[in-house]
Amino acid sequence: MTTVYDVTTWSVPDNPGASPTNDIGLVINSIISDIKAQQTNQASKPGAVIYIPPGDYSLKTRVNVDVSYLTIRGSGHGFTSLSIRYNAGNTGSWFEINPGGSRIRVENTDGHSEAFRVFRSGDPRLSSIIFENFCLDGVGFTGNQNSYRNGKTGILMESANDAFRVQGMGMVYLERGLVVRDADALSVSGNFIAECGSCVELVGSGQASKVTDNLLGAGYIGFSIFAENHWGLLVAANNIFPRGKSMVHFKSSSRSTITANRFHAFYPGMVVFEGGCNENLVASNHFLRQIEPFDPLKPYNNGLDDLFGLVHLRGNGNSVLTNHFSFDVPANAVAPAGRTPTIVLVAAGQDNFIATNNTVASIAVKAVVLDASTVRTKVLDSATTAQFDPLTTNHTFRPTP
């Protein structure tokens, strides 16, 4: 029984002209068909490894993954900045201009938008699928190379899944990098996903998953990390850089942690809680807010003003502890003009706890603002009296000395 396949040596039955250089999607689909044909014993389906050696490959046909215990592996994520290339003008003297390693150009001509779709109905759910160490390159954005729009998705995990891993991947110039629905024990670790409209989207629901130790940077149209209806999600040790409209966006997610990350943004709304986000911990992160320095992208933003807060909370029983906030924005760049920017806004909820955070700012800021609807918020050693703006009397406050 064959369990290790090399895309460069596989011959597609009845299609001798097919090759990974002209359509790696067709080749991988053929390999998956062979895996299913060989592993018919219900009690013994060990899965397989599909290996993508270093090289440039075109994907014109979407890959449909519907077997468990499958590893799709390359030998180099090959990421390089396409934004720098497209905005540089003359690249004739450059050593190289495209991503390298095991690089797949996402060039679907089959009517689908995804490079890889993971889906199977029935029981049990798909388990233990691994994507690792290759590059998915969306090639270019339509209309404007700074638009972040081309309709392309790198990996779409569309059915309930267990113990999936995405690690060591490179993704660039995709409107959506990784989209995972209904995840249980998902691990997204050690990836380089940047210059995508959105980087990591965890949709539907999920539990006991982690997004850790990644280098991420979405565009102004999307999220670096988005999670909805998640419980027990760990977001830790990521280095997230501009220009996502938010670094981490939780929607109706609870009892999760955002810890030890480094966040750098050109817009407000770096960490956003939407809907009922309860009992989450935001701790020991470094937040840096600056303004866009790159001329081609100065016309764009995420549509939020500086009263929205770098951290925007909605929900109950959340803790924001021991974070460092650096606000380095000139007064003439603040919006609305003449207003005082907000660092942490508790926009709704009760029993939230804001403590021992440090804010360093180039101009006067409101380190903590409480909406009038909030109840029983505790704010300790996170703002001076001048930096605290409670629009409610139902709170506890101990000022920073």
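**Salt bridges and sheet of a predicted model**

Both E114 and R62 are buried. In this predicted model, the two residues are also partners: their side chains meet in a salt bridge, with an N to O distance of 2.9 Å. The pair links distant parts of the chain, since E114 belongs to strand β7 (residues 114–118) while R62 sits in the loop between β3 and β4 (63–65), 52 residues apart. R62 also appears among the contacts of a helix residue. N29, which is found in helix α1, is in contact with T61, R62, V63 and N64 when its neighbours within four places in sequence are left aside. N29 counts as buried because its relative accessibility is 17%, and the cut-off for that class is under 20%.

The salt bridges of the model come to a count of 17. A second one, between D56 and R103, has its closest N and O atoms 3.5 Å apart. Here too the pair links distant parts of the chain: D56 is in strand β3 and R103 in strand β6, 47 residues apart. How do the two ends compare in burial, buried or partly exposed? D56 has a relative accessibility of 41%, so this residue counts as partly exposed. R103 has a relative accessibility of 5%, so this residue counts as buried. The pair does not stand alone, as D56, R103 and D137 are linked in a network of salt bridges.

A further salt bridge is formed by D162 with R125, and the closest N and O atoms of this pair are 3.5 Å apart. D162 lies in strand β12 (residues 161–162) and R125 in the loop between β7 and β8 (126–127), so the salt bridge ties together parts that are 37 residues apart in sequence. D162 is partly exposed because its relative accessible area is 22%. R125 counts as partly exposed as well, because its relative accessibility is 34%.

Attention now turns to the sheet. How many strands does the open sheet have, and in what order do they stand? There are 11 strands with parallel pairing, in the order β3-β6-β10-β14-β17-β20-β24-β27-β30-β33-β36. The edges are taken by β3 (55–59) and β36 (358–361); each has a single partner strand, so one side of each is left without a neighbour in the sheet. Helix α1 (residues 20–38) packs on the sheet, where this helix touches β3 and β6 (102–106). The direction of helix α1 makes about 55° with that of β3. N29, mentioned above, is thus placed in a helix that packs on the sheet, and D56 and R103 lie in the two strands β3 and β6 that helix α1 touches.

Further along the sheet, several strand pairs can be followed residue by residue. Strand β20 (residues 215–218) runs parallel to strand β24 (residues 239–240), and 2 bridges join them. In this pair, L215 stands opposite N239 of β24. Strand β27 (residues 262–265) runs parallel to strand β30 (residues 286–289), and here the bridges number 4. F263 stands opposite F287, which belongs to β30. Strand β30 is in turn joined by 4 bridges to strand β33 (residues 324–327), again with parallel direction. The bridge partner of H286 in β33 is H324. As a general point for reading such pairings, side chains in a regular strand alternate between the two faces of the sheet.

Two surface regions complete the picture. Which residues form a nonpolar patch on the surface? The patch consists of I84, W94 and I97, which together have about 270 Å² of accessible area. W94 is placed in the loop between α2 (82–88) and β6, and its relative accessibility of 33% is why this residue counts as partly exposed.

The other region is the loop between β18 (198–207) and β19 (210–212), where A208 has its place. A208 is partly exposed because its relative accessible area is 47%, and the class of exposed residues begins over 50%. Leaving aside neighbours within four places in sequence, A208 is in contact with A185, L186, W231 and G232. A separation of 34 Å lies between the C-alpha atoms of A208 and S83, which are 125 residues apart along the chain.

Note on methods: Residues are numbered from 1 along each chain as its sequence is written. This is a predicted model: local features need pLDDT of at least 70, side-chain atom pairs count only at pLDDT 80 or more; totals for chains, interfaces and linings use all residues. Side-chain values use heavy atoms; hydrogens and water are left out. Two strands pair if DSSP finds at least two bridges between them. Contact means heavy atoms within 4.5 Å. Axes are lines fitted to C-alpha atoms, for helices over the stretch in contact, and angles run from 0 to 180 degrees between N-to-C directions. Patches are made of residues with over 30% relative accessible area and no salt bridge: like charges are joined within 9 Å, nonpolar side chains (Val, Leu, Ile, Met, Phe, Trp, Tyr) within 5 Å. Accessible areas come from the Shrake-Rupley method with a 1.4 Å probe; for residues, only the protein chains shown count as cover. A salt bridge is a side-chain nitrogen of Lys or Arg within 4 Å of a carboxyl oxygen of Asp or Glu. Buried means under 20% relative accessible area, exposed over 50%, partly exposed in between (1.4 Å probe, protein chains only).
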